[in-house]
Amino acid sequence: MKNLFPTLVFLLAAAGCNSPAPAGKAAAGAPAAKAAAPADTLQQAVAAYVAAHAAAFPGYEPVRWGAPAAYTKMNEAAIKGVLAMQAFDDALTPRNQALANYKASLARHDAPAKTAAIMARYGKANKHNDSLLVIANSFIGVKDSARLGTQLVHAYRAKNKAGALALDSATFVVYPGGRVEQL
(Lines give C-alpha, C1' and ligand atoms only; values in the text may rest on other atoms or scores of the structure.)
Protein backbone atom coordinates (compact mmCIF):
# COMPACT_ATOMS: atom_id res chain seq x y z
CA MET A 1 0.00 0.00 0.00
CA LYS A 2 2.89 2.38 0.79
CA ASN A 3 4.27 1.90 -2.73
CA LEU A 4 0.94 2.85 -4.32
CA PHE A 5 0.49 6.12 -2.44
CA PRO A 6 3.07 8.23 -4.41
CA THR A 7 1.71 6.84 -7.69
CA LEU A 8 -1.85 7.69 -6.68
CA VAL A 9 -0.83 11.25 -5.70
CA PHE A 10 0.96 11.72 -9.04
CA LEU A 11 -2.08 10.51 -11.01
CA LEU A 12 -4.42 12.82 -9.11
CA ALA A 13 -2.10 15.80 -9.68
CA ALA A 14 -1.74 15.01 -13.37
CA ALA A 15 -5.50 14.68 -13.79
CA GLY A 16 -6.02 18.02 -12.03
CA CYS A 17 -3.52 19.79 -14.33
CA ASN A 18 -5.31 18.60 -17.46
CA SER A 19 -8.81 19.59 -16.42
CA PRO A 20 -10.50 22.05 -18.79
CA ALA A 21 -11.08 25.63 -17.69
CA PRO A 22 -14.55 26.31 -16.29
CA ALA A 23 -17.07 27.73 -18.74
CA GLY A 24 -16.93 31.52 -18.97
CA LYS A 25 -13.30 31.75 -17.83
CA ALA A 26 -10.33 31.86 -20.17
CA ALA A 27 -7.36 29.57 -19.73
CA ALA A 28 -4.35 31.02 -17.93
CA GLY A 29 -2.36 31.90 -21.06
CA ALA A 30 -5.27 32.73 -23.37
CA PRO A 31 -6.06 36.38 -24.12
CA ALA A 32 -9.20 37.82 -22.63
CA ALA A 33 -10.57 38.79 -26.03
CA LYS A 34 -14.25 38.87 -25.08
CA ALA A 35 -13.70 41.14 -22.08
CA ALA A 36 -11.46 43.51 -24.05
CA ALA A 37 -13.31 43.55 -27.36
CA PRO A 38 -14.18 47.10 -28.43
CA ALA A 39 -17.68 47.83 -27.18
CA ASP A 40 -18.47 51.40 -28.17
CA THR A 41 -17.62 53.67 -31.08
CA LEU A 42 -14.60 55.22 -29.30
CA GLN A 43 -13.07 51.82 -28.69
CA GLN A 44 -13.88 50.73 -32.24
CA ALA A 45 -12.15 53.85 -33.60
CA VAL A 46 -9.04 53.06 -31.55
CA ALA A 47 -9.14 49.41 -32.66
CA ALA A 48 -9.33 50.57 -36.29
CA TYR A 49 -6.34 52.88 -35.67
CA VAL A 50 -4.34 50.00 -34.17
CA ALA A 51 -5.25 47.78 -37.15
CA ALA A 52 -4.17 50.52 -39.58
CA HIS A 53 -0.85 50.91 -37.74
CA ALA A 54 -0.23 47.19 -37.20
CA ALA A 55 3.55 47.59 -37.59
CA ALA A 56 3.64 49.65 -34.39
CA PHE A 57 1.61 47.00 -32.50
CA PRO A 58 3.05 43.57 -33.50
CA GLY A 59 1.07 40.65 -32.08
CA TYR A 60 -1.60 43.01 -30.73
CA GLU A 61 -4.06 41.51 -28.23
CA PRO A 62 -6.49 43.85 -26.43
CA VAL A 63 -6.58 43.53 -22.63
CA ARG A 64 -8.73 46.34 -21.18
CA TRP A 65 -10.10 49.78 -21.93
CA GLY A 66 -10.00 52.75 -19.58
CA ALA A 67 -12.87 55.09 -18.91
CA PRO A 68 -13.27 57.84 -21.53
CA ALA A 69 -12.20 61.31 -20.40
CA ALA A 70 -12.49 64.76 -21.95
CA TYR A 71 -9.45 65.91 -23.90
CA THR A 72 -9.28 69.70 -23.67
CA LYS A 73 -7.06 72.50 -24.95
CA MET A 74 -5.45 72.53 -21.50
CA ASN A 75 -4.44 68.84 -21.91
CA GLU A 76 -3.10 69.55 -25.37
CA ALA A 77 -1.09 72.55 -24.15
CA ALA A 78 0.48 70.47 -21.39
CA ILE A 79 1.62 67.81 -23.87
CA LYS A 80 2.86 70.32 -26.45
CA GLY A 81 4.68 72.26 -23.72
CA VAL A 82 6.58 69.15 -22.66
CA LEU A 83 7.50 68.37 -26.27
CA ALA A 84 8.66 71.96 -26.84
CA MET A 85 10.83 71.84 -23.72
CA GLN A 86 12.37 68.58 -24.92
CA ALA A 87 13.22 70.27 -28.24
CA PHE A 88 14.71 73.20 -26.29
CA ASP A 89 16.81 70.85 -24.16
CA ASP A 90 18.02 68.98 -27.27
CA ALA A 91 19.04 72.28 -28.87
CA LEU A 92 21.10 73.29 -25.82
CA THR A 93 23.88 70.86 -26.69
CA PRO A 94 24.82 72.48 -30.04
CA ARG A 95 24.42 75.94 -28.48
CA ASN A 96 26.72 75.06 -25.59
CA GLN A 97 29.22 73.56 -28.02
CA ALA A 98 29.17 76.76 -30.10
CA LEU A 99 29.74 78.81 -26.93
CA ALA A 100 32.65 76.58 -25.92
CA ASN A 101 34.15 76.96 -29.40
CA TYR A 102 33.81 80.75 -29.15
CA LYS A 103 35.51 80.85 -25.74
CA ALA A 104 38.28 78.57 -26.99
CA SER A 105 38.78 80.84 -30.00
CA LEU A 106 39.13 83.84 -27.69
CA ALA A 107 41.57 81.96 -25.46
CA ARG A 108 43.70 80.91 -28.47
CA HIS A 109 43.77 84.48 -29.78
CA ASP A 110 42.52 83.33 -33.19
CA ALA A 111 42.28 85.73 -36.08
CA PRO A 112 39.34 88.15 -35.73
CA ALA A 113 37.63 86.75 -38.84
CA LYS A 114 37.72 83.20 -37.43
CA THR A 115 36.42 84.38 -34.06
CA ALA A 116 33.64 86.33 -35.80
CA ALA A 117 32.59 83.21 -37.75
CA ILE A 118 32.46 81.17 -34.54
CA MET A 119 30.51 83.99 -32.84
CA ALA A 120 28.00 83.94 -35.71
CA ARG A 121 27.41 80.19 -35.23
CA TYR A 122 26.88 80.80 -31.51
CA GLY A 123 24.49 83.67 -32.21
CA LYS A 124 22.49 81.53 -34.64
CA ALA A 125 22.28 78.66 -32.13
CA ASN A 126 21.29 81.11 -29.40
CA LYS A 127 18.49 82.61 -31.52
CA HIS A 128 17.22 79.12 -32.32
CA ASN A 129 17.14 78.29 -28.61
CA ASP A 130 15.39 81.55 -27.81
CA SER A 131 12.68 80.81 -30.38
CA LEU A 132 12.18 77.30 -28.95
CA LEU A 133 11.90 78.75 -25.45
CA VAL A 134 9.26 81.24 -26.63
CA ILE A 135 7.27 78.35 -28.14
CA ALA A 136 7.57 76.30 -24.94
CA ASN A 137 6.56 79.25 -22.76
CA SER A 138 3.49 79.94 -24.91
CA PHE A 139 1.89 76.78 -23.51
CA ILE A 140 2.28 77.84 -19.89
CA GLY A 141 -0.90 78.95 -18.17
CA VAL A 142 -3.40 77.76 -20.76
CA LYS A 143 -6.73 77.64 -18.93
CA ASP A 144 -9.01 76.94 -21.89
CA SER A 145 -11.24 73.98 -21.08
CA ALA A 146 -12.79 73.71 -24.54
CA ARG A 147 -13.23 70.05 -25.37
CA LEU A 148 -11.25 68.88 -28.38
CA GLY A 149 -12.06 65.18 -28.21
CA THR A 150 -12.16 62.15 -25.94
CA GLN A 151 -9.11 60.61 -24.32
CA LEU A 152 -9.03 56.83 -23.92
CA VAL A 153 -6.39 54.68 -22.22
CA HIS A 154 -6.01 51.18 -23.64
CA ALA A 155 -3.99 48.28 -22.23
CA TYR A 156 -2.88 45.60 -24.66
CA ARG A 157 -0.34 42.87 -25.21
CA ALA A 158 2.14 43.21 -28.04
CA LYS A 159 5.41 41.60 -29.00
CA ASN A 160 8.46 43.51 -27.83
CA LYS A 161 11.83 43.67 -29.64
CA ALA A 162 12.83 40.34 -28.13
CA GLY A 163 9.68 38.70 -29.52
CA ALA A 164 7.99 38.11 -26.16
CA LEU A 165 4.44 39.24 -25.47
CA ALA A 166 4.52 42.17 -23.07
CA LEU A 167 1.73 44.14 -21.43
CA ASP A 168 1.73 47.75 -22.58
CA SER A 169 -0.67 50.67 -22.62
CA ALA A 170 -1.22 53.75 -24.72
CA THR A 171 -3.36 56.85 -24.56
CA PHE A 172 -5.40 57.73 -27.61
CA VAL A 173 -7.50 60.78 -28.47
CA VAL A 174 -10.60 60.35 -30.59
CA TYR A 175 -11.66 63.64 -32.18
CA PRO A 176 -15.30 64.40 -33.07
CA GLY A 177 -14.71 63.67 -36.77
CA GLY A 178 -13.47 60.17 -35.92
CA ARG A 179 -9.76 60.92 -36.35
CA VAL A 180 -7.59 59.06 -33.81
CA GLU A 181 -4.21 60.18 -32.50
CA GLN A 182 -1.87 58.33 -30.17
CA LEU A 183 -0.35 60.52 -27.46
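1. Let me start with a pair on helix H4. Glu76 and Lys80 join their side chains in a salt bridge, with an N to O distance of 3.8 Å. The two residues lie four apart in helix H4, so about one helical turn separates them. Both ends are partly exposed: Glu76 has a relative accessible area of 23%, and Lys80 one of 39%. Please keep in mind throughout that this is a predicted model.

2. How many salt bridges does a search of the whole structure find? The search gives three. Besides the pair on H4, there is one between the side chains of Asp110 and Arg108, at 2.7 Å from N to O. Here the two partners fall into separate classes: Asp110 is buried, at 19% relative accessible area, while Arg108 is partly exposed, at 48%. With 19%, Asp110 sits just inside the buried class, because that class means under 20% relative accessible area. The remaining bridge links the side chains of Glu181 and Arg179, at 3.4 Å from N to O. Glu181 is partly exposed, with a relative accessible area of 28%.

3. A word on the overall layout. The protein has five helices and five strands. Along the sequence they come in the pattern α-α-α-β-β-α-α-β-β-β. Among contacts between residues at least 6 apart in sequence, 65% join residues at least 24 apart.

4. Confidence deserves a careful look. The average pLDDT of the protein is 78, and 79% of the residues score at least 70. Two stretches call for caution. Residues 8-12 have a pLDDT below 50, and beyond near neighbours in sequence this stretch has zero contacts in the model. Residues 17-35 also have a pLDDT below 50, and that stretch has four contacts beyond near neighbours in sequence.

5. Now for the interior. The largest nonpolar core has 13 residues, and the members that touch the most others are Val46, Phe57, Phe172 and Val180. Which elements each supply at least two residues of this core? They are helix H3 (41-52), strand E3 (147-159) and strand E4 (165-174). Helix H3 gives the most, with four residues.

6. Phe57 is a good residue to click on when viewing that core. Leaving out residues up to four places away in sequence, Phe57 touches Tyr49, Val50, Tyr156, Phe172 and Gln182. One of these partners, Phe172, is also among the core members that touch the most others.

7. The link between helix H4 (residues 73-108) and helix H5 (112-137) has a backbone detail you may like to check. His109 lies in the loop between these two helices. Its phi is near 60 degrees, a positive value in a residue other than glycine. Is His109 buried or exposed? His109 is exposed, with a relative accessible area of 70%.

8. Helices H4 and H5 can also be followed through individual residues. Thr115 belongs to helix H5 and is buried, at 11% relative accessibility. Apart from neighbours within four places in sequence, Thr115 contacts Tyr102, Ser105, Leu106 and Asp110. Asp110 in that list is the residue whose side chain forms the salt bridge with Arg108. Asn101 is placed in helix H4 and counts as partly exposed, at 32% relative accessibility. Asn101 and Arg121 are 20 residues apart in sequence, with their C-alpha atoms 9.5 Å apart in space.

9. Finally, the surface. The accessible surface of the protein comes to about 12300 Å², and carbon and sulfur atoms account for 63% of that. Buried residues make up 22% of the 183 residues. Which residues make the nonpolar surface patch of about 240 Å²? The patch is formed by Ile79, Leu83 and Leu183. Of these, Leu83 is found in helix H4, the helix that also holds the Glu76 and Lys80 pair from the opening point.

Methods: Residues numbered from 1 in each chain as written. Predicted model: local features only at pLDDT ≥ 70, side-chain atom pairs only at ≥ 80, totals over all residues. Heavy atoms only, no water. Patch = residues over 30% accessible without salt bridge, like charges linked within 9 Å, V, L, I, M, F, W, Y side chains within 5 Å. Areas by Shrake-Rupley, 256 points an atom, 1.4 Å probe, with all protein chains shown as cover. Salt bridge = Lys/Arg side-chain N within 4 Å of Asp/Glu carboxyl O. Core = buried A, V, L, I, M, F, W, Y, C linked by side-chain atoms within 4.5 Å. Buried < 20%, exposed > 50% of the residue type's maximum accessible area, 1.4 Å probe, protein only. Contact = heavy atoms within 4.5 Å. pLDDT = per-residue confidence, 0-100.
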